[in-house]
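Trainee: I should like to learn how to read a structural model feature by feature. May we begin with contacts and then proceed to the overall fold?

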Amino acid sequence: MEIRNTLPEDMDCVMFIFEQAKQFMRLNGNLHQWTGGYPSKEVLEADISSNSSFVCVDDQKEVVGTFCFRYGFSPEPTYNVIYDGGWLNEKPYGVIHRIASSGKVGGVFSACLEWCSRYVDNIRIDTHRDNRVMQELLLRHGFRRCGIIYLANGDERIAFQKEV
């Protein structure tokens, strides 16, 4: 699987993958994450313009996954305060957001994690309490549950971290 920057011409494909991911979440009991038009085209455009949006491309050159990855920037503001636990360390870290798969091929999360690990040895991610599938995936890939963070809008998320 190849990982590359998301191009403006990938926009429709990525938005379709987001919609597929929302359907998957709803079918698996996660009814409240990614609602109200989130993630929007504006969010994706901002990720693309900041060079933090990436796509996973299969052997047939089809986009089969997407994620936002930031590292080397200022820390994630919503990670400044963590409740009911603590981060594994305070070293510089990368953060993964908005990871989604088309469902056509397996291994999107593994490929994303392997790729991100080339740039940082410390990765943080958060997910909704109802996103049991993602929580299991994170634990299976060596992430540790660190506590609870709150998004800027006040929504709660479970925070995870992995030292590569």
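Mentor: We begin with a definition: two residues are in contact when they have heavy atoms within 4.5 Å of each other. Please keep in mind that this is a predicted model.

Trainee: Which residues does Gly94 touch, not counting residues up to four places away in sequence?

Mentor: Gly94 touches Phe69, Arg70 and Tyr71, and also Val120, Asn122, Ile123 and Arg124, once residues up to four places away in sequence are set aside. Take Ile123 as a case: 29 residues separate Gly94 and Ile123 in sequence, yet their C-alpha atoms are 4.8 Å apart in space.

Trainee: Where is Gly94 found, and is Gly94 buried or exposed?

Mentor: Gly94 is found in strand S4. A residue is called buried when its relative accessible area is under 20%. Gly94 has a value of 0%, so Gly94 is buried.

Trainee: How are contacts summarised for the protein?

Mentor: One considers the contacts with a separation of 6 or more; in the protein, 67% of these are between residues 24 or more positions apart.

Trainee: How many helices and strands does the protein have, and what pattern do they follow along the sequence?

Mentor: There are four helices and seven strands. Along the sequence, their pattern reads β-α-α-β-β-β-α-β-α-β-β.

Trainee: What does the radius of gyration tell us about the protein?

Mentor: The value is compared with the one expected for a compact globule. For 164 residues, such a globule would have a radius of gyration near 15 Å; the protein has 15 Å, so the two agree. The C-alpha atoms fill a box of roughly 45 × 35 × 30 Å along the principal axes.

Trainee: How should I read burial and surface for the protein?

Mentor: Of the 164 residues, 49% are buried. The accessible surface comes to about 8,600 Å², and carbon and sulfur atoms account for 51% of this. As for charge, the mean positions of the 18 positive and 22 negative charges are 4 Å apart.

Trainee: Which residues does Thr66 contact, leaving aside its neighbours within four places in sequence?

Mentor: Thr66 lies in strand S3, which covers residues 63-70. With neighbours within four places left aside, Thr66 is in contact with Val14, Ile17, Phe18, Ser53, Phe54, Val55, Arg98, Ile99 and Ala100. Thr66 counts as buried because its relative accessible area is 1%. For Arg98, which is 32 residues from Thr66 along the chain, the C-alpha separation is 7.5 Å.

Trainee: Arg98 appears in that list. What is the phi of Arg98?

Mentor: Here one looks for a positive phi in a residue other than glycine. Arg98 has a positive phi of about 50° and is not a glycine. The residue sits in strand S4, and Arg98 is buried, as its relative accessible area is 14%. Asp84, likewise not a glycine, has a positive phi of about 55°. Asp84 is placed in the loop between S3 and strand S4 (94-101). Because its relative accessibility is 69%, Asp84 counts as exposed.

Trainee: Which residues does a cis peptide bond join?

Mentor: Tyr38 and Pro39 are joined by a cis peptide bond, with omega about -10°. Pro39 belongs to the loop between helix H1 (11-27) and helix H2 (41-49).

Trainee: Helix H1 also holds Cys13. Is Cys13 buried or exposed?

Mentor: Cys13 falls between those terms: at 30% relative accessibility, Cys13 counts as partly exposed. The C-alpha atoms of Cys13 and Phe24, eleven residues apart along the chain, are separated by 17 Å.

Trainee: How many disulfides are there?

Mentor: A disulfide is a covalent bond between the sulfur atoms of two cysteines. In a model, a pair of cysteine sulfur atoms must lie within 2.5 Å to be counted. By this rule there are zero disulfides. Cys56 is in no disulfide, and its nearest cysteine sulfur, that of Cys112, is 6.2 Å away. Cys56 is buried, with a relative accessible area of 0%. Cys68 is also in no disulfide; the nearest cysteine sulfur is that of Cys116, 9.6 Å away. With a relative accessible area of 1%, Cys68 is buried.

Terms used: Residues numbered from 1 in each chain as written. Predicted model: local features only at pLDDT ≥ 70, side-chain atom pairs only at ≥ 80, totals over all residues. Heavy atoms only, no water. Helix = DSSP H or I, 4+ residues; strand = E, 2+ residues; numbered from the N terminus. Rg over C-alpha atoms; globule rule 2.2 N^0.38 Å. Buried < 20%, exposed > 50% of the residue type's maximum accessible area, 1.4 Å probe, protein only. Areas by Shrake-Rupley, 256 points an atom, 1.4 Å probe, with all protein chains shown as cover. Lys, Arg positive; Asp, Glu negative; His and termini not counted. Charge placed at Lys NZ, Arg CZ, Asp CG, Glu CD.
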